[in-house]
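Hi,

Here is the structure I said I would pass on. Have a look when you get a minute, and my notes are underneath.

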Amino acid sequence: MPRPADPKARSALIASARAEFAKRGVKGARISDITAASGLSKGAFYLHFPSKEALFAALVEGFLEELERLATERLSRMERFRAEYGMPGPGDVATRSERYRAFLRLEAALDVEMLELMWDQRELVTALIVGSQGTAFESVMWDVVDREVERIAREFHHLRGQQPDTPDVDPSLFGSFVVGTYLLLARRMGRLTQKPDLATWAVGLQRLMHEGSLPREPVPQAAAYARPSSPPSTRRRHARAANPHRPPRKRP
């Protein structure tokens, strides 16, 4: 009668495998290192997984299921927002209307959920980005990237009120910019030992995406270009103090 699999052992193997995959990639990770890090035997490993590739596939499948859940939840909440408030347009962005601010709050809350998933799965994401080359998993992350670029491009098009034939910024280019930023953040997470403030990241990213880096209260043009008057030199100040009735010297 086969020995039943211990769920705690499975969890320990998965945790150790994530670290090994992030460090050495799928090809470089060894079962012996995974079992040594988890304090289990190779027999325990094969009781749960037929190979390291099967273990990695299980990790990827769970990650993709969570991504799909978040994507479905995001679509549902955005549709509810549009039905209740309508989609913010260029005028909302320019005036920072309450509808636009509510939209940013919703987007930031949804982004926090995505960032939380990226943080929890940072070792796996690192392995997918830099450690899956030459394996069957090489295209997984880039398939996700293509899907996210399309989603963001659609939202950008609606928000800016652009016509497909005459956009001033190509929506797909904007989507690539945003997703590229998140990829860099995911890579950065893989190197961090302490969890960053993901809520602050999400708010900052939303403002950058929709408003750029310009200040919200621009400096008036006259003040921005006014040349400040330089103080008189020390010698001139002393001369005036010694002879206050002397007329100022005219420059040639």
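What follows is a short rundown of the internal cavities.

One thing up front: this is a predicted model, and every value here is computed from it. Searching the whole structure turned up two cavities of 30 Å³ or more.

Let's start with the largest one, which holds about 400 Å³ of space. Its lining is made up of 26 residues. If you want to centre your view on it, go to Met-114, Glu-148, Arg-151, Val-179 and Tyr-182, the lining residues nearest the middle of the cavity. Five helices each put at least two residues into this lining: helix 4 (52-85), helix 6 (98-120), helix 8 (140-160), helix 9 (171-189) and helix 10 (198-211). Helix 8 is the top contributor, with nine residues. As for chemistry, the lining of the largest cavity has 18 nonpolar residues, six charged and two polar.

Now the second largest cavity, at about 90 Å³. You'll find it lined by Leu-67, Leu-70, Ala-71, Arg-74, Leu-110, Glu-113, Met-114, Arg-147, Glu-148 and Arg-151. Here the elements giving two or more residues are helix 4, helix 6 and helix 8, and helix 4 gives the most, with four. This lining splits into five nonpolar and five charged residues, with no polar ones.

A detail to look at on screen: Met-114, Glu-148 and Arg-151 line the second largest cavity, and they are also among the residues nearest the centre of the largest one.

Cheers

Terms used: Residues are numbered from 1 along each chain as its sequence is written. This is a predicted model: local features need pLDDT of at least 70, side-chain atom pairs count only at pLDDT 80 or more; totals for chains, interfaces and linings use all residues. Side-chain values use heavy atoms; hydrogens and water are left out. On a 1 Å grid over the protein atoms alone, a cavity is a set of points where a 1.4 Å probe fits but cannot get out, and a pocket is an open set with protein on both sides within 12 Å along at least five of seven lines; lining residues have an atom within 4 Å of a point. Grid points are joined across faces, edges and corners, and a volume is the space filled by probe spheres set on the points. Ala, Val, Leu, Ile, Met, Phe, Trp, Tyr, Cys and Pro count as nonpolar, Asp, Glu, Lys and Arg as charged, and the others, Gly among them, as polar.
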